[in-house]
Amino acid sequence: MKASPARARRWATAALSALALTAVAACGGGNDGSSGGSGSADQADLTWQFWIGGTADQAAWQKVADQAHTDHSGITVKLQGTDWNSYWAKIGTLLASGKAPCIIGMQSLRTASYASAMLPLDDLMKKYNLKAEDFDKPIMDGLKVDGKQIAIPYDSGPMVIFYNKDMFKAAGVAEPKPGWTMDDFKAAAKKLTTAGRTGLVTAPGDLSVTSWVRTQTGAEPLADGKLALTDPKFQEGFQGYSDFVHTDKIAPQVPSGNPDFETTQFTAGKAAMQLNGPWSLIDTKGKVKFKLGIAPIPAGPDGSKTYTAGSGFGISRSCKTPDAAFQAIMSMTSEKPLTTLAAAGRAYPARTAAHPTWFTAAGIDGAKETLDYASEHSVPLVTSKNWVQVADLLNRFGTQALNGEIPPDQALKTIQDQASAGS
Amino acid sequence: MVTNTTTVAPPSAPPGSVRAGRRPALRRDGRYAGVFLAPSLIGLALFTLFPTLMALGISLFDWPVFGERAFLGLDNYSHLLHDPVFRRVVLNTVLFVVLYVPLNLVISLGLALWIGPKTKGRQLFRVLFFIPVMTPMVANAMVWRLLFQPGGLIDSGLQTWFGIDAPNFLGSSTWAMPAIVTMSIWQGFGYNFLVFSAAIDQVPQSQLESAQIDGAGVLQRFRYVIWPMITPSIFFATTLTLITSFQVFAQPFILTQGGPGVSTQTIVMYVYNQGWQFLTMGLASAAGWVLFVIIMGITAMQFVGQRKWVNYDV
């Protein structure tokens, strides 16, 4: 029997439709066995999605994953790494598909964006007796959304000033100490700005901008959970920050979209100070050819005020074995792996008990005094659901404001309008 | 020149009337053609047609990556139309195309003509100019970022030799787009250079020589002999360069991330940001469709226009 063209067409259409449906089904249903996790509270093979920078990073974090198996012989944690830039897009799709891995790496600034796909951990914390007070308070709070704990932190840290001791010495400027003021800072930065070098290097990143604004005027980016960048106090603080570049000229012009600029200028010895987090301290110390010091952010009229950020591990809502995942997270954030990470200089530990090891590894005079002081004067940077967009807009229009292309008020108004339209 | 014409015997006609005899053969050919085309047709349907239509569907929704979806009709499109940022983004993309495409074509054609068939070391030049095309765009852009940034190679060079500051290329709204176009041309002209170079090789030397004997100068030889013969390559290069330059992403993404402000943000970057950074798939799909329609329109216009200037009778 020969098929007529019409029949052949029908066959082809049917075959194509079947293929298309299979493809759709396949899109929805990848990774069945491994990612969702299966088993009971003490018996489970879990997958942990995390940002990984390279093979050294992979090895260090693998040890953290292994801790879960050491503590609970029935639980294994498989580490899946993605680089930081692709990480957020990847977990976005995984969480959306409902097939996300059980354990998810979460950064405090992005917690609000992903919270709806994550399991609140408060009940599990009670059940397994995880004590919040063993961790740094600002970062525990930073990983909460609407009062619910979304992730358990492994690192934390208040934003502090990194400075080049050699440049301070050469310019005959006294080194900064806890309690130094904005006036002290500006006077020092002016003296340090000579011959192609600057006293400070700035960037329009979210943590930098908000910390500098907070110490100058006390203004916060959110009011009642809503973005409030056009608040006069915030505008005043941001004006002060952008003045560093185009009025005081104590910091160089900033290029657009180069998140490393601040760090490369500082580590190359072209700028005497930068604002950074303790998570970068040991890495920076290894890179630079000068003596590195740290100091709290200078005090404005109401004292030194800074923000804390950090990261931790949470559980996806689609996880079938949240009890096992939580026990694994408890092991991964316990004293031992955090001390190991601290000794390797990877992260400023979120557990206070692991701090001494980190300070020994850092080997910087006054580091403990500075970080304790800064931590006391810091609050978590609480973000909005669309913070990724806010941070992106801040980078774009903040660059223009810092370079004096547009007035800072106008930049803030554009960011406020754009972010509100999108949410 | 003698051309051998081989006569292929027609396939033996099947029994039956003449009219009925030709059709089964044709039908059989069609069926075979269908079988051979199937892999690419299925691929096209699955990986191009289906996602394109899916994106059209998504563009009619408020479609967050996770959370409630809601039907919006054409609201995403009207949002884009009224959004000053998106209008600027479209303008940036057009500006990039207007600057990049003609410059790329002129430079690659100019060099291909200059480094003609008789030039010594021609192969070496071809390899040299093609190297930027082969090296990864991201690595290229990183190197150019080091050249352009404050205190970078250009800035410190100007300061050392002339004592003046270079403009903040990647931080100034005036300079950022020209900086991206410059880097893109350096990166991209080698491909068209090779295409034009190969086309020029096909122009018979005898015709050029006879034109020269007839008194045609350099410009006339180019205008009346070379140009008509390489128009198919020019059409090919123009179409592809136009399409890829409308889709520009990597260069601004690495060099400026679309800033300062939105002065170098392009449509594909906008789609990427909306979809994968801000997780709003509906708006991202709508912007993707806007780009698709623009590219389709311009490509269609080119195909219509080519009848007037492209010469296939060589």
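Chain B of this predicted model comes out with a mean pLDDT of 88, and 92% of its residues score at least 70. Look at the individual elements of chain B and you'll find helix H3 (residues 84-114) with the highest mean pLDDT, 96, while helix H1 (residues 18-58) has the lowest, 84. The stretch to be wary of is residues 1-18 of chain B, where pLDDT stays under 50. For those residues the model has 5 contacts beyond four places in sequence. As for the complex, the predictor gives an ipTM of 0.74 and a pTM of 0.80.

Staying with chain B, the domain assignment splits it into domain 1, residues 18-58, and domain 2, residues 70-309. The C-alpha centres of these two domains of chain B lie 34 Å apart. While you're in chain B, have a look at helix H8, residues 205-213: it is hardly covered, with a count of 0 buried residues among its 9. After H8(B) comes B:Gly215, which has a positive phi, near 100 degrees.

Now over to chain A. Here the domain assignment is a bit more tangled: domain 1 takes residues 33-157 plus 310-350, and domain 2 takes 160-308 plus 376-422. Measuring between C-alpha centres puts domain 1 and domain 2 of chain A 30 Å apart. Where they meet, 16 residues of domain 1 of chain A are in contact with 15 residues of domain 2 of chain A. On the domain 1 side of that contact, helix H5 (111-114) and helix H7 (137-142) of chain A each supply at least two residues. H7(A) gives the largest share of that side, 4 residues.

Next, pick out strand S2 of chain A, residues 44-51. This strand is mostly covered, since 6 of its 8 residues count as buried, the cut-off being 20 or more other C-beta atoms within 10 Å. S2(A) pairs in the parallel sense with strand S3 (residues 75-82) of chain A over 8 bridges, and in the parallel sense again with strand S4 (residues 103-107) of chain A, this time over 2 bridges. A handy residue to click on is A:Gln49: it stands opposite A:Gln80 in S3(A) and opposite A:Ile104 in S4(A). To get from S2(A) to S3(A), follow helix H3 (residues 55-71) of chain A; the three together make a right-handed β-α-β unit.

Another sheet of chain A is worth a walk across. Its 4 strands are ordered S9-S12-S8-S13, forming an open sheet with mixed pairing. What leaves one side of S9 and of S13 without a neighbour in the sheet? Strand S9 (198-200) and strand S13 (292-295) of chain A stand at the edges and have a single partner strand each, so one side of each has no neighbour there. Between neighbouring strands of this sheet the average turn is 25 degrees, direction ignored.

One pairing in the sheet is easy to trace: strand S8 (residues 160-164) of chain A and S13(A) run antiparallel, joined by 4 bridges. In that pairing, A:Asn164 stands opposite A:Leu292 in S13(A). As general background, strands of a sheet pair through backbone hydrogen bonds, either parallel or antiparallel. Finally, helix H9 (residues 182-192) of chain A lies across S9 and strand S12 (271-276) of chain A, and runs at about 155 degrees to S9(A).

Note on methods:
Residues numbered from 1 in each chain as written. Chains lettered and ligands numbered in written order. Predicted model: local features only at pLDDT ≥ 70, side-chain atom pairs only at ≥ 80, totals over all residues. Domains from an automatic or database assignment. pLDDT = per-residue confidence, 0-100. Contact = placed C-beta atoms within 7 Å. Pairing = 2+ DSSP bridges. Axes fitted to C-alpha atoms, helices over the stretch in contact; angles between N-to-C directions. Buried ≥ 20, exposed ≤ 12 C-beta atoms within 10 Å, placed from the backbone. Right-handed = clockwise from strand over helix to strand, strands pointing away.
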